[in-house]
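Biologist: I would like to learn how to read helices and ligand shells in a model of this kind. Could we take them one at a time?

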Amino acid sequence: MRDSEFFGHVTAVAPGKVNMSLRVGPLREDGYHEVATLYLAVSLQEEVSVVPRDDEAITLSLSERSAFTAAPIDDPDVDDASASGVPLDERNLAHRAASTLRGRLGLRRGVDITLTKNVPVAGGMGGGSADAAATLVACSALWEAGLTKEQLAETGAELGADVPFAILGGAAVGQGVGDELSPLLTRGELHLVIVPAAAGLSTPQVYRRLDTMRAESAVEAEAPRLDPDLVRALCTTDAELIATLMANDLQAPAVSLIPSLEDMLDAGLVDGALQGIVSGSGPTLVFLARDAESAGQVATRLQERTSVWAIPVTAPAPGARLLTT
Ligand SMILES: C[C@@](CO)(OP(=O)(O)O)[C@H](O)COP(=O)(O)OP(=O)(O)OC[C@H]1O[C@@H](n2ccc(N)nc2=O)[C@H](O)[C@@H]1O
Ligand SMILES: Nc1ncnc2c1ncn2[C@@H]1O[C@H](COP(=O)(O)OP(=O)(O)O)[C@@H](O)[C@H]1O
């Protein structure tokens with residue numbers, strides 16, 4: 001009897017991410033934008049358990065240990081899949097991951113998937129992508145597929161632009177639509193504070209708002225490019241220097257959709273953060289702190305003064321990996 005059959009389940013984890021820099025080029029014909037981004041995996045992670053079934057069904061449930069299940073704000077422009085919180089059907093990225101991998105392997109096996117969501121939903125931290133990454137890793141082990149991380153990342157790229165990074169983890173430059181990764185060798189640790197918002201934002205909606213804002217101000221989008229000083233500063237985890245170079249082209253559109261984010265960004269700086277930006281497409285905010293002690297203080301002060309939830313995290317964190325087999 002094989003290990004996975006003996007235990008009957010496999011559990012994998014995958015990290016949420018922040019974009020320490022996100023530069024967005026013009027809208028392409030395929031509806032995507034060319035990006036140049038500096039991904040950083042954080043210690044907030046999703047957990048996915050898979051149990052084999054006797055039939056071919058793929059089922060999904062949310063564990064009671066989940067910290068987040070919130071739905072995003074209503075938007076008539078947004079399709080159902082993005083407007084219904086965490087869908088527990090074939091629209092869920094974990095479901096799609098299991099189904100895509102099964103198809104690639106030519107298998108007809110079913111699986112029960114349980115998600116423990118610790119990354120804010122629709123928050124710009126790639127929680128769904130982390131679920132997909134952890135599902136690929138867990139199902140690959142359960143089905144004894146013998147695939148490399150690179151092969152899993154290839155399959156992941158079919159599911160979403162951020163999925164390959166959730167498999168890789170650590171720190172990386174992302175190009176193309178965000179799926180062409182160059183891993184960075186970093187030394188040291190960064191201390192961040194994550195501030196989730198009460199409601200989420202739809203990623204396509206934020207990209208669309210950027211296009212509209214650019215069109216209205218007659219700004220021609222240029223080919224996206226990362227500041228090489230920022231990449232160097234990240235490799236040496238030089239928090240002071242990173243703080244001066246963090247940037248996000250999706251911040252202005254996210255703030256225009258949720259104006260109160262601006263006040264919260266100011267509050268974090270008043271409370272001692274070196275810098276604060278919107279994470280990816282938002283609305284989660286990420287503050288960079290000088291060290292662990294400072295991150296704890298920023299989080300405590302923000303919570304006391306504004307009654308938001310502020311979570312100190314560390315980075316870089318490892319990519320998707322098995323907890324048990
Ligand atoms: C903005 C970023 C920053 O890392 O992530 P989030 O902050 O949402 O997590 C990414 O670009 C999002 O990645 P991800 O959420 O995986 O995107 P996908 O599911 O592949 O695409 C959702 C939609 O976002 C838009 N999109 C995504 C990526 C990209 N480079 N250009 C785009 O215009 C497209 O409208 C696409 O249909
Ligand atoms: N496993 C999943 N977890 C969360 N949301 C998911 C998942 N699968 C699909 N979705 C859909 O994708 C949207 C964005 O998910 P998420 O990855 O949390 O945010 P973001 O793209 O901002 O990082 C959600 O609003 C939801 O409708």
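Modeller: What follows goes through two helices, two ligand shells and one annotated span of a predicted model.

Biologist: Let us start with helix 11. Which of its residues are buried?

Modeller: The general idea comes first. An α-helix has 3.6 residues a turn, so residues three or four places apart point the same way. In this structure, helix 11 covers residues 260-270, and Leu261, Met264, Ala267 and Gly268 are buried there. Seen down the helix axis, these buried residues fall within an arc of 115 degrees, so they line one face of helix 11.

Biologist: What does the face turned away from the buried side carry?

Modeller: That face of helix 11 carries Asp263, Asp266 and Val270, which are exposed.

Biologist: Against which elements do the buried residues of helix 11 pack?

Modeller: Their partners are two helices, helix 10 (251-257) and helix 12 (292-306), together with strand 7 (190-195), strand 9 (275-278) and strand 10 (285-289). Just after helix 11 comes glycine 272, with a positive phi of about 110 degrees.

Biologist: Does a record say anything about this region?

Modeller: In UniProt, an unreviewed entry places the feature "domain: GHMP kinase C-terminal" at residues 231-304. In the model, that span is 58% helix and 15% strand, and its end C-alpha atoms lie 34 Å apart.

Biologist: Now helix 4. How many of its residues are buried?

Modeller: Here burial is not a matter of one face: 16 of the 16 residues of helix 4 are buried, so the helix is largely enclosed by the rest of the structure. To check its length, compare the end-to-end reach with 1.5 Å a residue; helix 4 reaches 22 Å from first C-alpha to last, close to the 22 Å expected. Glutamate 144 follows helix 4 and has a positive phi, near 50 degrees.

Biologist: How many residues surround ligand 2, and which are closest?

Modeller: A shell can be read by its members, the elements that supply them and their classes. Ligand 2 is surrounded by 25 residues, the closest being Leu93, Ala122, Gly127, Gly128 and Asp131. Helix 2 (80-83), helix 3 (93-105) and helix 4 (127-142) are the elements that give two or more residues to this shell. Helix 4 gives the largest share, four residues. By class, the shell around ligand 2 has 10 nonpolar, 13 polar and two charged residues.

Biologist: And which residues are closest to ligand 1?

Modeller: They are Gly124, Gly160, Asp162, Pro204 and Gly280, from a shell of 20 residues. Strand 1 (10-27), strand 2 (33-53) and helix 7 (203-216) each supply at least two residues of the shell around ligand 1. That shell divides into seven nonpolar, 12 polar and one charged.

Note on methods
Residues numbered from 1 in each chain as written. Chains lettered and ligands numbered in written order. Predicted model: local features only at pLDDT ≥ 70, side-chain atom pairs only at ≥ 80, totals over all residues. Near = placed C-beta within 6 Å. Nonpolar A, V, L, I, M, F, W, Y, C, P; charged D, E, K, R; others polar. Buried ≥ 20, exposed ≤ 12 C-beta atoms within 10 Å, placed from the backbone. Arc of directions from axis to C-beta. Contact = placed C-beta atoms within 7 Å. UniProt positions renumbered as here; feature names shortened; annotations may be inferred. Expected span 1.5 Å × (residues − 1).
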